[in-house]
Amino acid sequence: MNMAVDLVLTAFLGICLMLSASSRLVHCVRLVAFQGILLGIMPLLMWNWSNAAPGMEIWGAAFVNIIVKGVLLPVLLLRAMRKAGVKRELEPLAGYSWSLLIVSVAGAMALWLSRSLNIPGVPVLAIPAAAVTVFTGLFIIISRRKALTQSLGFLAFENGIALFGAAMHLEYGFFVEMGILLDVLVLVFVMGIAVFQISREFEHIDADRLNLLTDNVEVK
Amino acid sequence: MIFMSAGIAAAAGILSLLCCRRGGLAGVAGVAGTFLSVIAGIVGICTSPPSGVSLLFMLPTLILAPAAAVHSVAYIKGHGNPGIYWGFFNLTVATMLALPLLKEDFLEFLIIWELMGVFSFVLVMFNYKAEELKRVAWIYLLACEAGGLLLMLFYALSFKTGAPRELFYIAGVAGFGLKAGFPLLHLWLPEAHPAAPAPVSAIMSGAMINLGLFGIVVFVFPGMDASLCGWTLLILGGISTLGGILFALPQDNLKRLLAYSSIENIGIISMALGCTFLGGAFKNNSMIVFGILGTILHIINHALLKGTLFLGAGQVYCSSGTLSIDRMGGMMKKTPVTGSCFTAAAVGLSGLPPFNGFIGELMIYLAAFSGICSGVWQLRIAGIAAALILSLTGACAVAAFAKAVGGTFLGEPRHVDDCKKESVWMYGPMLFLLFLSLLIVFSVPFTVPCIFKVLNVSTIDYASTGVQKILFCAASFSALFYVLSTLLLLFRRFVRVRGNENAAGPTWDCGYAKPSARMEYTGSALIQCLGDLFNSFLQIRRKIEPPQGLFPKKASFQWESPDGAERFFWAPVFTFFAGVSDKVHKFQSGYLHMYVLIMTIVIIAMVVWAIIS
């Protein structure tokens, strides 16, 4: 079992690198969807099968996670993409090679820093993998222009947090998980609608040009 | 019963707010509510008397509230929504009546204290359409909230066992000192008083700022060293007194002048209290007795006289439409009763003999002198300082009020053309307050035993100091003065009937062919020599355009004296912080990316810091 968990966690790290380096939005959505499915099966892999079969809530959480993060949200985002007519993130604020470099360095830092955080019962790779996923999500929000890519970044960010929860066997994890899931769902819904509306009004969905409503009057 | 008075006032306030669509109804509810609450308060005091301190700080409100209410009836006509005015007027009165009773629980006190600040804030900016009021309202709100913040710190520190006592003490004194107008913290007084409606200024100046002293005495001082308390009050009060009256001298705005005089009087009260505490610390009986009497008398005198003065300023403003002393002049002809009342109150507040102000200051002088005679060197220093400051202040106060009275009421009108007549609603309350002042002069000798009985301090031996005899002397001296002056007036009337040759002519018609108002001495001209004398302290701004050539056409002279604390302390401080906040504000760029970047950097820094340490 431990092998499988490590495999999944390594996959998380790999997905982060790929996310930071790919410009095609369809590809990114698929990567995040895959991340969601992996996240869904994490608790099942972590379960100690020799003692007893997992309870209903573990199965439930896994199922809901896979459906929502693996299927529902990607489909929504793909639809929004098609409606807004966006295919690629053309001019990111940080180039793809730089992005790859930064995320790799962050991964190395996370691995190095997490040496001192050795928690019994938690896989060694879990904490760095989660931290890197969170960082990648935030990095995508910072460095990409399109609102769609930013909501993808937010999804990845949330996946990282959920990975933390799954790896640490948090108490009441199920309820927390469902609450967060609801948040994300609403956000992506809103983003999907907003992206469509914004693209219709402004003929672009570049978030860095949407700063006209700021309080700071000096900015033009 | 006594709490009911505050309850009635609050209920009347809410009632007035509810019927703010109908001004007349709101006015009736407001005045009736104020009167009912005052009656309830007096009945409550008679049936179940509160402690002496509470009573002392309730009295100014009980006296001033009805007077100000009657005055307001005429004052706010045509000045905005009466429902809002009466609502917040009564709510403020309610909080001021309740505060002195809440000396058991500081949390309750703090809540009501904050409410008082907010309610009075609405009253201060009642005339909110005036442009210059925005700055004033901002300063007043800032002062109220800064005081509240300091008091919350004070409250929090009172629970922490290991907390430094000095911080606790400073937070308490500064928090309450903001209301009392202690030096550097007085900034809101000269701004808020001129802007607020006159009856509100009267209440705030006569009764509200005293509550700051109440808070200090009741909440901060218990458990502290008495000599420390005494020195604090004496030093802060001394600076307040001198600074207040010196800055009152060059002010052109009548109510601003009165506001500085309030700072001065609060300083005098603090000095009297400081003498009392020092007397207590060094077991000097006569200093305690005179100090207590001085404090009590001056609190009540100040409430009565300053109330009269502010109400008079309100009448002057309603008649002439300006508060600038240099623009007015000759108001005595149009508003004779107001002018006489104002003059009488000004004489009283300067501490001149026949009025009650003199008796109060006499007590404080006596406290200072008994300190000098005591033989303890600390008391000697305190006594000498207090007596010196008081005498210098007395002289300056006479000058300041001579300027206020002379510039406003005497001579010929300078710039005011159509001056409206005075109304009985406005001068009635002033006559009432002056009558009470007279009553005090003659009743104090008899009420001294009563005062000490209410104070309930058995260790003080007032009889041995001969205070009653002194008060009798002062009262009989005043009586003599009144009898003589009445006789003189009657005599003058008699003479006038006999010799019918005096005719009415323009004021100061001596030798000039055509005297005009432009030849008059203005208030500023009267005070110029004193302004020059104290210029190193006042730093008066002058703009002089002297007459040039043999046939000069144009010349002008301007001087103004902005507040020293504002100019040299608060303005640099606030400019510095404004600069810092401008720099911080640059972070709010409007770019989502930037916000998330800042957040991420902070989170990463926190994680790294947590892991490393």
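Guide: Quick term first: two residues touch, or are in contact, if their C-beta atoms, placed from the backbone, lie within 7 Å. This is a predicted model, so local features need pLDDT of at least 70 and side-chain atom pairs 80 or more, while totals for chains, interfaces and linings use all residues. Residues are numbered from 1 along each chain as written, with chains lettered from A and ligands numbered from 1 in written order.

Visitor: OK, so what does Tyr140(B) touch?

Guide: Leaving out residues up to four places away in sequence, Tyr140(B) touches Phe121(B), Val124(B), Trp188(B), Glu191(B) and Ala192(B).

Visitor: And which residues have the most contacts inside the largest nonpolar core?

Guide: Tyr140(B) again, along with Val124(B) and Cys275(B), in a core of 180 residues. A core here is a set of buried Ala, Val, Leu, Ile, Met, Phe, Trp, Tyr and Cys residues joined through C-beta atoms within 7 Å. Buried means 20 or more other C-beta atoms within 10 Å of a residue's own; 12 or fewer is exposed, and in between is partly exposed.

Visitor: Which helix gives that core its largest share?

Guide: Helix α13 of chain B, residues 285–320, with 19 residues in the core. (Helices are DSSP runs of H or I, at least four residues, and strands are E runs of at least two, numbered from the N terminus.) There's also a second, separate core of 54 residues, and among its members are Val103(A), Ala130(A), Val188(A) and Met191(A).

Visitor: Switching to chain A, how many helices and strands does it have?

Guide: Seven helices and zero strands. Of its 220 residues, 39% are buried.

Visitor: What about chain B, how many of each there?

Guide: Chain B has 23 helices and two strands. Buried residues make up 48% of its 613 residues, and its C-alpha trace spans about 105 × 70 × 55 Å along the principal axes. Taking contacts in chain B with a separation of 6 or more, 79% join residues 24 or more positions apart.

Visitor: Is Leu236(B) buried or exposed, and why?

Guide: Leu236(B) counts as buried because it has 23 C-beta neighbours inside 10 Å. You'll find Leu236(B) in helix α11 of chain B, residues 226–248.

Visitor: Which residues does Leu236(B) touch?

Guide: Gly177(B), Phe182(B), Pro183(B) and Ser270(B), again not counting residues up to four places away in sequence.

Visitor: And how far apart are Leu236(B) and His593(B)?

Guide: They sit 357 residues apart in sequence and 53 Å apart in space, C-alpha to C-alpha.
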